[in-house]
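Reader: I have a model open at my bench and would love a close look at its largest pocket. Could you walk me through the lining, and then through what lies elsewhere in the fold?

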Amino acid sequence: MEPDNLVLQPRDVHFDWAELPMHWVPEEPVTTHVMNVLHLLLPAGERWFVRTFQQAVPLITDDDLREDVLGFIGQEAMHAEAHSEVLDHLLAKGLDPRPFTNRVEWVFDRILGDRPNLTAHRQREQLIERIAIVAAVEHFTAYLGDWMLNATALDRAGIDPTMLDLLRWHAAEEVEHRSVAFDLMRHLDRRYARRARAMLLSAPPLLWLWIHGARFLMAGDRTAGRLTLRDFRRAGRRGLLPTGHDLFRAFLRYFHRGYHPKQEGSTSQAVAYLATSPAARDAH
């Protein structure tokens, strides 16, 4: 049974990366670096989420939704901080992420940022469009969060326990708040066309950034070799990464007329993990 009246709360987690190896999935540089793209994209992306939702708060007329949005803002801010610390570790290991993260920052600041010269009506429309983009991206983070909580192959592969806790803490919170962006979008605009357009606009650039981020990391790691589709498929067959087939099915689910994010993942499972997560238990 799913918990009722869940209050979203940010958890002030901390992780010690001093002992993290370059390939924190042992002998799996492809799996490691494909997942490392999270650390490249999320700090800038989630800070953009926070700015967007802060601007939306005055438009919310439902008290429960406003509380959820404020909880979402707090959780996403903590996610950005936690992943930023991993970037510092990569730099210390000799893999400089800044050429790529600077481009990501540019995308969120210049392409998806505020347009102060627009009329008030157009600014509101642009804000709702950005919220719809967040809802589309959050569909994928909910899918990935559910996948991560159930990816037992990573445990069997001997993944670094601190990184596993970071990924599953983040995954659990993504499942916890998976409905907030979608509900906010529908609170402001219930049109199916906006929802579908935002996904069609979001998914191709997200895929492009992920592929290029993985190639960037592999190129900077002299021991990793080149990223190939065969390696990605192999990792997917072993359960170390989501498969392309499952990702495409998740993409299609968003276009179902009756879709709602509650259909992705289990809040009960997420809450259960957060109760046992070393970082979440130690949070203050």
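Author: Happy to help; here is the pocket, followed by the core and a few individual residues.

A word on the basis: this is a predicted model, in which local features need pLDDT of at least 70, side-chain atom pairs count only at pLDDT 80 or more, and totals for chains, interfaces and linings use all residues. Residues are numbered from 1 along each chain as its sequence is written, and side-chain values use heavy atoms, with hydrogens and water left out.

Let's start with the pocket. Rolling a probe the size of a water molecule over the atoms shows where empty space is left. Here a pocket is an open set of points, on a 1 Å grid over the protein atoms alone, where a 1.4 Å probe fits, with protein on both sides within 12 Å along at least five of seven lines; lining residues have an atom within 4 Å of a point. A volume is the space filled by probe spheres set on the points, which are joined across faces, edges and corners. The largest pocket has a volume of about 1500 Å³. Its lining has 48 residues, and L41, L144, L206, L207 and W210 lie nearest the centre.

Helices are DSSP runs (H or I, at least four residues), numbered from the N terminus. Those that each supply at least two lining residues are α1 (29-56), α3 (98-111), α4 (120-149), α6 (161-176), α8 (192-220), α9 (229-237) and α10 (244-253). The largest share, 12 residues, comes from α8. By class, the lining has 37 nonpolar residues, eight polar and three charged. In this count Ala, Val, Leu, Ile, Met, Phe, Trp, Tyr, Cys and Pro are nonpolar, Asp, Glu, Lys and Arg are charged, and the others, Gly among them, are polar.

Helix α1 is also home to G45. G45 is buried, with a relative accessible area of 5%; buried means under 20%, exposed over 50%, and partly exposed in between (1.4 Å probe, protein chains only). G45 and F108 are 63 residues apart in sequence, yet their C-alpha atoms are 6.8 Å apart. In the segment before α1 you will find E27, which has a positive phi of about 60° although it is not a glycine. E27 is exposed, at 76% relative accessible area.

Now for the core. A nonpolar core is a set of buried Ala, Val, Leu, Ile, Met, Phe, Trp, Tyr and Cys residues joined through side-chain atoms within 4.5 Å. The largest has 92 residues, and F53, V69, W169 and L184 have the most contacts inside it. Beyond four places in sequence, V69 is in contact (heavy atoms within 4.5 Å) with F53, V57, I60, V180 and L184.

Helix α6 brings us to E176, which counts as buried at 6% relative accessibility. Leaving out residues up to four places away in sequence, E176 touches L6, L8, R11, Q75, A270, V271 and L274.

Two of those partners, A270 and L274, are among the buried residues of α11 (residues 267-276), together with T267 and Y273. These four cover an arc of only 125° around the axis (taken from the directions from the helix axis to the C-beta atoms), so they sit on the same side of α11. Their cover includes α4, α6 and α12 (278-282).
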